[in-house]
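Let's take a walk through a protein together. Keep the picture open beside you and look up each spot as we get to it.

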Amino acid sequence: MVYSHTQLETYERCPFKYRLLYLDRVKAGRRSIEAFMGSVVHVTLEKLYRDLLMSRLPDLEELNRFYLDTWRNSYGDDVFIVRSEYTEEDYLNTGLQCLGDYYRRYYPFRGRGRPLWLEKRVQIPLRDEKGRQVSFIGVLDRLDYLEEGRYEIHDYKTSQLLPSQDVLEEDRQLSLYQMAVEAAFPDVREVELVWHYLVFDRELRLRREKDKLEQVAAAALKVIREIEECRDFLPRESELCDWCEVQEHCPKRKHLYMVAKLPVRELGMDRGIQLVDEYAEWYARKREAEERLEEVRKEIIEFADFHGVEKIQGNAGVVSVSRTRRPVIPAPGSEERGRLEEALRETGKWEEVCALNPNRLASLVLGEELDEESRNRICGLLSWEEGVTLRLRRAPQ
Ligand code: SF4
């Protein structure tokens, strides 16, 4: 029972991706350039601090050279760029900028603390409510010792998004690392969490009290319990899918991924593309036909009213016009609906007029609204039939 922050975050964002990576052990064959740039910046900052521990301060030029060499030696075809308006060069320069800003901000690095841990793998034992031990693992970027039992946990971020204080308050990763530090050093009096948002040249800080740490640990254990109880691991699409490294294994993205890799001359030969284009064409014709049908329907009704007829002869057949009256049911939850239902119950005819809604029933038994016992009981009384829905999102013209 070993989990990492990345595992929990992956599950929260997309249970299917979690299943692929951590249960099916699918190897991600590619990495986003953002992740690649982040890892090269991390390695370079680690080198800086390792040199400092050896009483050696590399100048910025040397550090940049190290960064560029690491980049060029490890960049490969497996690195992909989502934001096509930017090039590899742009990302490489962003990393350089991050390092330059960081170097100038902290130079000559004789500041507050002395590094104790660099890129250190830590393990935090947690105990769930059943008493089972769960290990939480992670790699701590840097731990500094200040003085008199004061420690700082540093984390480098190359994200293009600067979090608000509220988002920071919800942090799980560094809070759990704080527990690892407190377990490792009995002299701990105070721990501060420090994030370096390098793209913005900003340093964000947070202190965590014991009760907050306990809440974070309890919340992490809750996610772990959800993972262990999860049966379906459904894909959850979001804007992050474009950056997903396992798209080629995901039913939501597999075909899109495959087509994106096809040479232009082969696009027309793909059966999926042919079918979607045909579907889109017939769908457009259907819409057009429905609109015209509605216009003709209205004209027929006007014709019937004007001539006082209920049957109209055509070459293709006869149209009968009959009028019916159907009650309009008040909206669910409204006062009128409540009164109507009550009145129907009093007549003893409620069972005849109320109908179960299959869509609502499905969301009820598949969702989180019911307790497990009720859900199992109702599920046991249902049989299921498979249905397929197609939804067409038109490509931009
Ligand atoms: S592409 Fe999206 S939905 Fe599919 S596994 Fe990746 S994150 Fe999940």
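Which elements do the buried residues of H1 pack against? Before answering, bear in mind that this is a predicted model. Helix H1 covers residues 5-13, and its buried residues are His 5, Gln 7, Leu 8, Thr 10 and Tyr 11. These buried residues pack against strand S1 (2-4), H2, strand S5 (133-145), helix H7 (173-184) and helix H8 (210-229).

Let's pick one of those partners, H2, which spans residues 15-23. The axes of H1 and H2 come within 5 Å and cross at roughly 140°. The two helices are therefore oblique to each other. On the H1 side, the contact is made by Thr 6, Gln 7, Thr 10, Tyr 11 and Arg 13, while H2 brings in Pro 15, Lys 17, Tyr 18, Leu 21 and Tyr 22. Sort the residues of this contact by character and you get five nonpolar, three polar and two charged. Gln 7, Thr 10 and Tyr 11 turn up again here, having already appeared among the buried residues of H1.

Now slide along to the loop between H2 and strand S2 (31-32), where you'll find Arg 25. Arg 25 isn't a glycine, yet it has a positive phi of about 55°. Is Arg 25 buried or exposed? With a relative accessible area of 62%, Arg 25 is exposed, because the cut-off for that label is over 50%. Glu 148 tells a similar story: its phi is also positive, near 50°, and it is a residue other than glycine. Look for Glu 148 in the loop between S5 and S6. It is exposed as well, with a relative accessible area of 57%.

Another backbone detail sits at Pro 108, in the loop between helix H5 (88-106) and strand S4 (114-127). The peptide bond leading into Pro 108 from Tyr 107 is cis, with omega near 5°.

Time to head inside. Thr 44 lies in helix H3, residues 33-53. How buried is Thr 44? Its relative accessibility is 0%, so it counts as buried. Setting aside residues up to four places away in sequence, Thr 44 touches Leu 63, Phe 66, Tyr 67 and Leu 99. Asn 64 is 20 residues from Thr 44 along the chain, and their C-alpha atoms are separated by 8.3 Å.

A second threonine worth a visit is Thr 158, in the loop between strand S6 (150-157) and helix H6 (165-169). Sitting in a loop doesn't put Thr 158 on the outside here: its relative accessible area is 15%, so it is buried. Leaving out residues up to four places away in sequence, it touches Glu 34, Met 37, Gly 38, Val 41, Leu 198 and Val 199.

So far we've been looking at details; let's step back to the whole chain. It is divided into domain 1 (2-243) and domain 2 (348-382). How many ångströms separate the centres of domain 1 and domain 2? Taken over C-alpha atoms, the answer is 44 Å. Outside both of those ranges is Glu 295, in helix H10, which runs over residues 271-307. At 44% relative accessibility, Glu 295 counts as partly exposed. Between the C-alpha atoms of Glu 295 and Lys 222 there are 57 Å, with 73 residues separating the two along the chain.

Further along, in the segment after helix H14 (372-380), comes Trp 384. This residue is partly exposed, at 48% relative accessibility. Not counting neighbours within four places in sequence, Trp 384 is in contact with Ala 362, Val 365 and Leu 366. Phe 36 is another matter: it is 348 residues from Trp 384 in sequence, and 45 Å away in space, C-alpha to C-alpha.

One last stop: the cysteines. How many disulfides does a search of the whole structure find? The count is zero. A disulfide is a covalent bond between the sulfur atoms of two cysteines. Take Cys 379, whose closest cysteine sulfur belongs to Cys 230: the gap is 15 Å, so the two are too far apart for a bond. Cys 379 is partly exposed, with 29% relative accessibility. Cys 244, by contrast, counts as buried at 12%.

Key:
Residues are numbered from 1 along each chain as its sequence is written. This is a predicted model: local features need pLDDT of at least 70, side-chain atom pairs count only at pLDDT 80 or more; totals for chains, interfaces and linings use all residues. Side-chain values use heavy atoms; hydrogens and water are left out. A disulfide is a pair of cysteine sulfur atoms within 2.5 Å. Buried means under 20% relative accessible area, exposed over 50%, partly exposed in between (1.4 Å probe, protein chains only). Domain bounds come from an automatic or database domain assignment. Axes are lines fitted to C-alpha atoms, for helices over the stretch in contact, and angles run from 0 to 180 degrees between N-to-C directions. Helices (H or I, at least four residues) and strands (E, at least two) are DSSP runs, numbered from the N terminus. Angles under 35 degrees count as roughly parallel, over 145 as roughly antiparallel, 65 to 115 as roughly perpendicular and the rest as oblique. Contact means heavy atoms within 4.5 Å. Ala, Val, Leu, Ile, Met, Phe, Trp, Tyr, Cys and Pro count as nonpolar, Asp, Glu, Lys and Arg as charged, and the others, Gly among them, as polar.
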